[in-house]
Amino acid sequence: MNRSFALLTALALLSGCQTFTASTPDGTPPVEEAASSAQTAQPKVYSSFSQETLLALLTAELAGQRNRFDIALGNYVQQANATQDAGVAERGFRIAEYLGADQAALDTALIWAANAPDSIDAQRAAAVQLARAGRYDESMTYMETVLQRRGDTHFDFLALSAAETDPDTRAGLLQSFDRLLEKHPSNGQLLFGKAVLLQQDDRPEEALELLEAQPADTREAAPLLLHARLLQSLKRGDKALPLLEKGIRQHPDDKRLRLTYARLLVEQDRLDDAKGEFASLVQQFPEDDDLRFSLALVCLEAEAWREAIVYLEELVERGSHVDAAHYNLARAYEALKQPESALIEYQLVGPGNDFLPAQARQTDLLLNSQRLDEASARLASARENQPDYAIQLYLIEAEALAKLQQEERAWLLIQQALEQFPDDLNLLYTRAMLAEKRDDLEQLEQDLRFILEREPDNTMALNALGYTLADRTTRYSEAQALIELALQLNPDDPATLDSLGWVNYRQGNLEEAERLLREALARFPDHEVAAHLGEVLWARGKQREARKVWASALKEQPDSPILRSTLLRLTGSETP
């Protein structure tokens with residue numbers, strides 16, 4: 001953006017100009033006209049300023065016109081301090097705020113407020129700048145001055161700006177709000193600001209109670225929005241919807257209200273209504289591609305694939321959300337059973353958040369079609385073109401190959417990757433898991449021990465090594481110590497609970513094993529956990545219950561090799 005100042009006259013300076021001078025129709029500042037006015041007015045107007053001040057201010061304006069904002073701002077701040085003139089200070093504040101110079105904006109706002117005590121704008125500017133600087137008590141003093149003069153305040157900004165402060169600061173600010181509310185109990189701005197502060201302090205029930213017991217001006221959009229969002233956060237979205245509908249009737253052009261309403265419709269699984277609302281928003285704000293992208297995502301969620309494709313292709317044409325649009329176009333084509341179109345779109349996704357998911361889906365599509373060489377070639381090309389993603393791309397390919405039971409090919413790939421990145425812990429972990437499938441427990445232990453030397457608290461490595469030692473060796477005490485350490489570090493991990501149950505089973509502690517495995521399965525209904533629990537139940541003479549556990553797991557994962565092998569080993573059949 002061209003941040004050019006108009007060359008203001010000395011007369012305008014003295015009278016306290018508050019905004020940039022308007023440009024002529026062709027966009028150029030009216031320099032000559034302003035200069036001419038200055039020449040005719042100067043002898044009469046500037047008698048109260050010294051020659052040095054006049055020169056500094058005119059230099060500032062000329063410097064601003066020539067994009068030397070550092071000189072312009074510096075001169076204004078200097079002269080605001082020297083003269084304590086409200087007009088000069090205000091002009092300095094406007095320039096500092098325009099340039100985002102926080103300290104200069106604070107300094108000049110305070111000078112302006114001190115020398116223009118009757119100006120509501122000056123007092124409010126000082127309050128906002130003090131809040132930005134974290135000086136909340138001082139800010140509240142200025143806010144109260146504005147409030148007493150019936151001006152619009154920014155108590156909501158004050159509350160929001162305190163969100164990241166320490167609890168003591170927030171508590172003190174809340175007390176200041178309460179003090180002011182005693183004097184102005186029905187002031188909607190104060191009530192709204194306090195509700196914002198309560199929300200930021202993670203006290204949504206109190207904030208909601210405040211808004212509902214002493215509602216702020218319901219004609220304003222901001223309190224309505226806060227009220228709706230509080231209801232939404234408290235899982236009362238059904239009550240938020242009519243509130244937002246009322247707000248939209250009052251403020252039909254307010255994008256925030258309508259967007260919140262549309263998102264809440266999605267949350268309530270009213271996807272057709274949400275589609276209609278987003279479509280209306282896009283029609284009303286056709287240049288807002290964020291809305292267009294949201295509409296496309298809602299269409300995808302509603303499985304309106306062809307409708308989603310229309311909006312996603314529009315985004316590509318407009319050069320907005322391009323990578324995400326290509327990725328979601330591919331998803332839509334997959335759903336429409338058009339894998340070749342999906343592959344084209346996945347290939348077009350560039351570096352960013354969607355790049356690796358696109359590579360993973362592309363690889364799965366190709367491998368599921370038995371196009372292994374093509375998948376490897378595409379990934380090799382991607383590694384060459386995007387070297388920053390090389391490790392993740394190796395891992396994507398290795399995992400996909402392992403899923404297809406192409407363990408030897410996956411092993412060779414990981415060996416290749418480790419030649420390039422010999423100390424990468426993710427690659428080493430993947431090689432350890434492949435080594436277990438190859439019955440190479442020595443390599444598995446070597447790699448996992450290497451990881452633990454560098455990351456002693458790596459719970460995945462601790463659990464993997466502990467489980468393997470319990471399952472494939474008789475080193476039960478060592479296995480249990482590793483698993484218990486992993487569980488201590490991550491007590492909510494169901495996979496580690498499963499491992500602890502399994503090591504107890506291997507040691508003959510059947511009752512404890514059953515307890516742990518039941519808990520693990522309740523937290524994570526996984527086919528491997530089900531296989532383990534069924535085996536423990538079988539060993540305890542609870543064959544009927546074991547068969548039920550296996551049958552339930554097979555419904556979810558009918559091709560599970562561990563379930564089939566467990567059934568065959570214990571019952572002589574691959575079916576319960």
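A pocket, in the sense used here, is an open set of grid points where a 1.4 Å probe fits, with protein on both sides within 12 Å along at least five of seven lines. The legends below describe close-up views of a predicted model.

**View 1. The largest pocket and the residues nearest its centre.** In this predicted model, the largest pocket has a volume of about 1,900 Å³. Its lining is made up of 45 residues, and those that lie nearest the centre of the pocket are Met 433, Glu 436, Lys 437, His 527 and Glu 528. When the lining residues of the largest pocket are divided by character, 17 are nonpolar, 13 are polar and 15 are charged.

**View 2. The helices that line the largest pocket.** Two or more residues of the lining of the largest pocket come from each of the elements α23 (390-403), α25 (425-437), α27 (459-472), α29 (494-506), α31 (527-539) and α33 (561-571). Among these elements, α27 gives the most to the lining, with 8 residues.

**View 3. The stretch annotated as a repeat.** An unreviewed UniProt entry carries the annotation "repeat: TPR", which covers residues 494-527. Over residues 494-527 the chain is 82% helix and 0% strand, and the C-alpha atoms at the two ends of this stretch are 13 Å apart.

**View 4. The pair α31 and α33.** The axes of α31 and α33 come within 9 Å and cross at roughly 15°. Because angles under 35 degrees count as roughly parallel, α31 is described as roughly parallel to α33. The crossing in which α31 passes α33 is left-handed. Both α31 and α33 are also among the elements that give two or more residues to the lining of the largest pocket.

**View 5. The pair α24 and α25.** Helix α24, which spans residues 407-420, and α25 have axes that come within 10 Å and cross at roughly 150°. Since an angle over 145 degrees counts as roughly antiparallel, α24 is roughly antiparallel to α25. The crossing of α24 and α25 is left-handed.

**View 6. The pair α12 and α13.** Helix α12 (residues 204-213) packs with helix α13 (residues 221-233) at an angle of about 140°, and their axes are 10 Å apart. This angle makes α12 oblique to α13, and α12 passes α13 in a left-handed crossing.

Terms used: Residues numbered from 1 in each chain as written. Predicted model: local features only at pLDDT ≥ 70, side-chain atom pairs only at ≥ 80, totals over all residues. Heavy atoms only, no water. UniProt positions renumbered as here; feature names shortened; annotations may be inferred. Helix = DSSP H or I, 4+ residues; strand = E, 2+ residues; numbered from the N terminus. 1 Å grid on protein atoms, 1.4 Å probe; cavity = no way out; pocket = protein on both sides within 12 Å on 5 of 7 lines; lining within 4 Å. Points joined across faces, edges and corners; volume = space filled by probe spheres on them. Nonpolar A, V, L, I, M, F, W, Y, C, P; charged D, E, K, R; others polar. Axes fitted to C-alpha atoms, helices over the stretch in contact; angles between N-to-C directions. Parallel < 35°, antiparallel > 145°, perpendicular 65-115°, else oblique. Left-handed = near helix turned anticlockwise from the far one by under 90°.
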